[in-house]
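This report describes the confidence, core packing and charged side chains of one protein model. The sequence and structure are shown first.

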Amino acid sequence: MGSKIHVYVISLVLFFFDASGAQSNTFDVRKYGARADARSDTSKALLSAWKEACAAVGSSKIMIPKGTYLLGVVDLKGPCKGAMHLEVQGTFIAPTSPNAHNKASWITFAYIDRLTISGGGTFDGRGEIAWKQNNCGQNPKCKSLPISLRFDFVTNSIVRDVTSPTKKNFHVNVMGSENVTFQHFTVIAPGHSINTDGIHIGRSKRINIIDSDIITGDDCISIGDGSQQIRITKVRCGQGHGIKGRLVVGIFVRNCTAYDTDNGVRIKTWLALHGGIASDMHFEDIIMKNVSNPILIDQVYCPWNQCNPKIPSKVKINNVSFKNIQGSSTTPIAIRLNCSSIVPCEKVELANINLKYIGADGPIKSLCANVKPRLIGQSIPPGC
């Protein structure tokens, strides 16, 4: 109910500005020289249309008609004089070479209030060639590939009914933003793609992700440091690493499905972190289908073995619940709660868990360290 209320409020605000009597403006990128031939760079046309729309009084709509448009690196920045609407009916395609990007992101939206992105169109990052040229799976010092869609300091906005396939790196990165909703947002990337997180959120508040499909090679949704009040509802995560949170206050994940993923719902902190709090994280009504680690708290996370294993994490994890979680695990350890020996996890609840192991190495079980979870109702596997 909470997520639906947020979406209704956002829609109401946008409707108010559109219907308040203020001038409404439409800017078609074809009038600025854009051609839907998949060969001509549309960057200049889009930037010109954005500049005029942003400076116009009242709400403005930038139209991307059906067709395929080659688009280089663009920064679409505010503040603008009114609400901005990017209506993408066609397909934007990125340059195939990673060297074609001289920045860390392909399309950046920054310092914008009341932004709408919709239209049923596609942002195609064309990552297949770049993945073959990149060795980040083996080399921690590799050169990072560009993030596709970046939202920096965006407020009171909605992204709906668009698709993001085959990105070179993260599909979406949200930073320093507040009251942003992703609805009917589709992410598609093969399971072997590296670092193709669906939506990564950092230092943001009141971010809603609802009714969306995210198929990726890395985290379905990753929630980073300093984020608060993140609501995820009716999201289907395929392949990749599931939903992850760290150093977060307030995650609410409900009515979601994870299938063929490494992890279902995961809370992790780096082994080397020396402080911080991760609290008020709640996962409810989740279906797991062929998931390796359905329920996981991992406070000994340390890729590339860069941490001292003798120095435990000092991040405090408390007030966490896993309720009404059912489905299948591909490993016999369906619940793994591995907390810090310095600051044990507190107020962890497992309620009505029903997970079945679909392998031959059973029986199914739970493993816990430095935590005594509260058990309510059915518990399969038995609680620890």
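## Surroundings of E87 and charged pairs

Leaving aside neighbours within four places in sequence, E87 is in contact with K61, I62, M63, I64, S118 and G119. E87 belongs to strand β5, which spans residues 84-88. Although E87 is buried, this residue has no salt bridge. The nearest side chain of opposite charge, that of K61, lies 4.5 Å away, and a salt bridge requires a distance within 4 Å. The side chain of E87 does make polar contacts with the side chains of H85 (3.0 Å) and S118 (3.3 Å).

The model is predicted, with an average pLDDT of 87; 84% of the residues score at least 70. Residues 1-22 stay under a pLDDT of 50.

The largest nonpolar core comprises 86 residues. Among the members that touch the most others are I62 and F322. Beyond four places in sequence, the residues touched by F322 include V265, I267, F283 and L350.

The structure holds 12 salt bridges, including the following.

| Salt bridge | Closest N to O distance |
|---|---|
| D28 and R30 | 2.8 Å |
| D37 and R35 | 3.9 Å |
| E178 and R206 | 3.3 Å |

The pair E178 and R206 links distant parts of the chain, 28 residues apart: E178 is in strand β12 (residues 178-188) and R206 in strand β14 (residues 205-215). Shared partners join R35, D37 and R39 into one salt-bridge network. D28 is buried, at 14% relative accessible area, whereas R30 is partly exposed at 49%. R35 counts as exposed at 52% relative accessibility.

Methods. Residues numbered from 1 in each chain as written. Predicted model: local features only at pLDDT ≥ 70, side-chain atom pairs only at ≥ 80, totals over all residues. Heavy atoms only, no water. pLDDT = per-residue confidence, 0-100. Contact = heavy atoms within 4.5 Å. Core = buried A, V, L, I, M, F, W, Y, C linked by side-chain atoms within 4.5 Å. Buried < 20%, exposed > 50% of the residue type's maximum accessible area, 1.4 Å probe, protein only. Helix = DSSP H or I, 4+ residues; strand = E, 2+ residues; numbered from the N terminus. Lys, Arg positive; Asp, Glu negative; His and termini not counted. Polar contact = N/O pair within 3.5 Å; in protein donor to acceptor, adjacent residues only side chain to side chain.
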